[in-house]
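Work through the exercises below with the coordinates open beside you, and try each task before reading its solution.

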Amino acid sequence: MASRPAGLGRRSGVLAVGVVIALLVVFPVIRLGYVVWTEGSGHLDEVFGGPGLGEAVTNTLLLAVAVTAVAVPLGAAVALGLRRTDVPGRRWWRFSMLLPVLVPQFVLGYSWTQAYARAGFTDTVFGLPWPSVLGPWGVWAVLVVNTVPLTYLLTAVGLATRAEPDLERAARASGAGAAAVLREVTLPLLRPSLAAASVLSFVLTLESFAIPQVMGTPAGFSTVTTTIYRDLSLGSDPLSFVEAITLALLLVAITVLVVVPADLWLGPRLRVNRVADSAGAPIVTPRGAAGRWIAGGLGVYLLLGVIVPLVALVTTAMTPAVGVSRSPANWTLDNFAAVVNSRTTDALARSALLALIAATLLTLLGGCVAVLERGRAGRAMASLVTLTLVLPGSTLAVALLIAYGRWIGGTLTLILLAYLAKLWAFAHRPISGALDRLPPGELQAARASGAGALTAVRTVALRPLAPALLAAWLVCFVTALHEVTMSSLLYGPGSETLAVVVLNSAELGRVGLTAALSVLLTLVMLVPALPAWLLIRWLRSPRRACDAAPVGRLSHAG
Amino acid sequence: MLRGMKAVARARFSRGRFALLMPLALLPLACDASASGGSDADSITLYTCVSDESVQPIIEQFEADSGAEVNLFRAPTGDLNARIAGDVRSGGLKADVVWACDPLTMQGYVDQDLVGGWTPDNATDIPEQFRTDDYVGVAVLYVVAIHRNDEPAPSSWSDLAGADYESVALPDPTVAASALGALGWFDQNPEYGLDFYATLQQNGAQQLSTPDDVVTGVAQGVYQAGITIANSAYLAKDAGSPIGVVWPEPGAVAVYGPIALANDSADSTVAQDFISYVVSESGQQVLGEAGSYPTLPGVEGPEVPVDAPVVYPDWPTITDKKDALLADYQKIFGG
């Protein structure tokens with residue numbers, strides 16, 4: 001009897017989310033396609049025959065594969081390594097692994113050039129330059145450093161929601177070695193999270209712009225996104241614009257070819273329904289040398305990937321002019337004073353509000369798609385929301401401007417819509433990777449035991465999903481807060497975001513000023529990230545797990 | 001039935017929260033939207049790629065003098081092009097005045113009938129090389145040579161292609177319009193032509209991205225000399241960077257930034273007044289004090305050596321043969 005309203009509920013859920021997807025994703029992409037169709041159909045051979053396009057496409061695809069092939073295993077290895085209880089300073093490492101994601105992309109790229117290029121920090125201080133940092137190798141390395149926190153986070157969330165310490169213990173007790181347990185128990189359980197990490201890593205590399213632009217373009221290394229930007233910069237004529245849009249749609253086509261089959265075919269096969277209550281404490285590792293090696297490896301990775309570049313950035317920001325020695329005698333704060341003005345605080349408040357609303361709505365939207373994609377009607381949703389993630393920021397901004405600019409051009413609402421469209425997949429994938437922990441029988445058991453619908457969802461569904469929801473929220477919040485490309489193209493009077501004000505206050509390219517504003521943008525990230533991380537830790541602490549234990553026992557009774 | 005209950009719980013969760021939060025979240029933004037609606041009689045919208053430090057003082061002074069309000073959208077040329085292209089396809093250009101950084105970009109807007117057809121009466125005070133019937137140049141970038149202090153100073157452009165310099169840095173003409181202007185001038189000048197670039201390349205010259213990158217590279221000692229813009233070079237030099245600035249013979253290449261009235265705002269007196277003000281002596285003085293080179297003769301800007309030679313590229317020719325020129329250039333310097 002209850003099945004009819006339930007079916008209706010699911011159908012109206014699919015309908016509601018479908019409408020939002022149509023408005024945020026499908027219509028803007030179709031508008032872009034329409035522009036190409038009406039204005040550029042006679043010129044497509046010129047666009048695709050343009051010099052260097054084949055090279056840019058090849059570079060982009062190779063980069064996406066090379067970054068994913070390294071960032072996913074590396075992130076997973078770090079997450080698994082940090083599970084070991086014998087790693088000294090484990091909690092600290094868990095936080096500091098996320099540092100690179102708090103640094104805006106262009107800042108990370110820029111700081112690497114300040115650290116390792118000729119006449120950079122390591123060259124002037126130790127006489128050790130790495131000239132290839134400008135070019136494909138540098139772009140690849142920084143993209144890996146930028147992506148590993150995300151793949152680590154997704155794997156760690158997967159471990160938090162999916163790991164089965166009891167199964168692992170049983171395997172060990174039955175005589176399996178550590179490698180066999182990893183291969184036969186842990187990794188198979190992690191497959192949905194690893195798939196989510198791979199898709200995100202691949203798509204994020206396809207659409208990455210700031211790092212290839214800062215580190216690749218000076219060395220003549222072009223990608224599809226830098227070619228798009230060049231088209232837009234070089235010509236104000238309609239054909240250049242159509243060329244840029246066509247290339248952006250090419251990225252969408254690549255995503256459709258790669259991600260849609262993966263979602264439709266692989267997605268359902270990777271999911272397994274497991275009991276939500278991950279019974280038993282994690283396996284305690286005996287103290288050994290391995291933990292110290294892991295800590296040492298992480299230390300080297302963070303030192304070279306983040307700390308040396310950031311130190312270089314700070315010394316650059318405090319040096320009055322290029323070519324002047326970086327010694328403390330010359331240090332000055334003038335560059336910082338030049339990039340802070342009265343509009344900065346207004347913009348900071350506006351950006352924080354925008355990021356807060358965007359991250360909250362995105363977590364809800366991501367959760368909706370994760371729930372609905374389990375049904376046949378909702379299965380294409382996951383792939384659809386990935387399409388706007390791959391559109392480069394400049395193109396997505398133009399798409400939304402063309403679609404809705406007539407009514408809400410120049411407002412914060414349009415910028416918010418752009419964030420929702422851009423980051424929907426960002427919120428959805430981590431939740432999706434963890435959702436099959438939601439046990440089929442436990443909600444019913446809770447309801448049968450007298451819990452109201454909200455209580456049942458709160459105590460049964462939200463608790464095992466909390467790490468994934470928080471991770472999704474945090475990633476979206478941080479990304480929205482330091483978003484540059486879309487807001488600087490869409491803003492109007494009264495809707496300047498922090499990045500717009502800071503970037504406009506100094507013409508980029510003047511080294512000291514660029515470094516100073518990069519340092520400030522990074523510091524701003526740390527302010528909200530710290531409490532959020534502490535909240536995640538608190539939610540995952542053993543005391544909370546004990547509080548919730550009665551519900552877990554209840555579920556077994558059901 | 002069990003599956004149905006689960007779905008109800010989930011659907012309630014997702015839709016209930018969603019319905020609750022969405023209007024709340026959008027409320028402040030919607031207020032914001034209504035507050036910042038279209039421009040009324042006393043306010044205009046300016047689209048520009050000129051840096052904040054140059055454009056803000058001008059806007060402040062104009063607002064103080066006229067009582068009108070100027071809404072500013074400022075972005076690098078690529079983003080400006082994207083925004084305008086988006087505007088055009090969603091109801092029309094939202095700007096009343098467009099202030100571009102190079103004539104090539106502006107000519108593209110004129111060709112689409114977005115701007116032009118009007119220049120202020122005082123435009124005739126500006127030298128002819130810096131204006132057309134559709135727009136008038138209000139600021140100039142001078143492409144000059146720089147050298148590291150411990151390297152010899154070049155006296156002419158051809159010196160840079162001589163044996164003294166094994167590592168010269170130059171900006172990418174597909175990135176910087178000033179570099180494209182210089183490329184156009186060298187190409188149009190029979191004494192140089194594209195052979196100048198070929199010789200530079202054979203001697204070991206490196207193409208970097210922006211003029212600022214060239215200043216950075218030379219100041220850091222990575223390159224002996226380079227081609228860049230005067231503002232950037234003098235800023236670094238004055239801050240203490242160990243470089244010298246030369247206006248080589250036959251002249252620094254002048255690339256002007258033009259301002260134009262939007263066609264849809266042809267009858268806006270505030271927009272016309274703003275353009276007249278930027279062209280006027282007082283507007284040009286504000287611009288010069290803010291660190292740009294004014295186009296109006298006699299108004300002081302940043303440093304210019306006495307009798308510094310200046311040459312002017314022919315922009316209509318560059319506009320016509322841009323693609324072929326860049327293709328030929330890229331045969332020399334890769335892509």
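The exercises that follow concern a predicted model, and they go from whole chains to a single residue.

**Exercise 1. Determine the secondary structure content of chain A and of chain B, and what percentage of the residues of each is buried.**

Solution. Begin with chain A, where the assignment gives 26 helices and 0 strands; of its 558 residues, 55% count as buried. Then turn to chain B, which comes to 12 helices and 11 strands, and in which buried residues make up 52% of the 335 residues. As a last step, take the contacts between residues at least 6 apart in sequence: in chain A, 81% of them join residues at least 24 apart, and in chain B the corresponding share is 77%.

**Exercise 2. Divide chain B into its domains and describe the side of domain 1 that touches domain 2.**

Solution. The division gives domain 1 as 43-139 + 255-294 and domain 2 as 141-253 + 310-333, and the C-alpha centres of these two domains of chain B lie 27 Å apart. The contact between them takes 11 residues from domain 1 and 14 residues from domain 2. On the domain 1 side, the largest share, 4 residues, is supplied by helix α4 (residues 103-111) of chain B. Sorted by character, the residues on that side of domain 1 divide into 5 nonpolar, 5 polar and 1 charged.

**Exercise 3. Decide whether Gly217(B) is buried or exposed, and find its contacts outside the local sequence.**

Solution. First locate Gly217(B), which belongs to helix α8 (residues 211-219) of chain B. Next count neighbours: Gly217(B) is classed as buried because 26 C-beta neighbours lie inside 10 Å, and the cut-off for a buried residue is 20 or more. Then, leaving out residues up to four places away in sequence, the residues that Gly217(B) touches are Ala169(B), Leu208(B), Val222(B), Tyr223(B) and Gly226(B). Finally, compare sequence with space for Leu170(B), which is 47 residues from Gly217(B) along the chain, while their C-alpha atoms are separated by 9.9 Å.

**Exercise 4. Identify which residues of helix α9 of chain B are buried, and what covers them.**

Solution. Within helix α9 (residues 230-238) of chain B, the buried residues are Ala230(B), Asn231(B), Ser232(B), Ala233(B), Ala236(B) and Lys237(B). The elements of chain B that cover these buried residues include the helix α8 and the strands β4 (136-148), β7 (225-229), β8 (243-246) and β9 (252-261). Beyond the helix, α9(B) is followed by Gly240(B), which has a positive phi, near 115 degrees.

Technical notes:
Residues are numbered from 1 along each chain as its sequence is written. Chains are lettered from A and ligands numbered from 1 in the order in which they are written. This is a predicted model: local features need pLDDT of at least 70, side-chain atom pairs count only at pLDDT 80 or more; totals for chains, interfaces and linings use all residues. Helices (H or I, at least four residues) and strands (E, at least two) are DSSP runs, numbered from the N terminus. A residue is buried if 20 or more other C-beta atoms lie within 10 Å of its own, exposed if 12 or fewer, and partly exposed in between; C-beta atoms are placed from the backbone. Two residues are in contact if their C-beta atoms, placed from the backbone, lie within 7 Å. Domain bounds come from an automatic or database domain assignment. Ala, Val, Leu, Ile, Met, Phe, Trp, Tyr, Cys and Pro count as nonpolar, Asp, Glu, Lys and Arg as charged, and the others, Gly among them, as polar.
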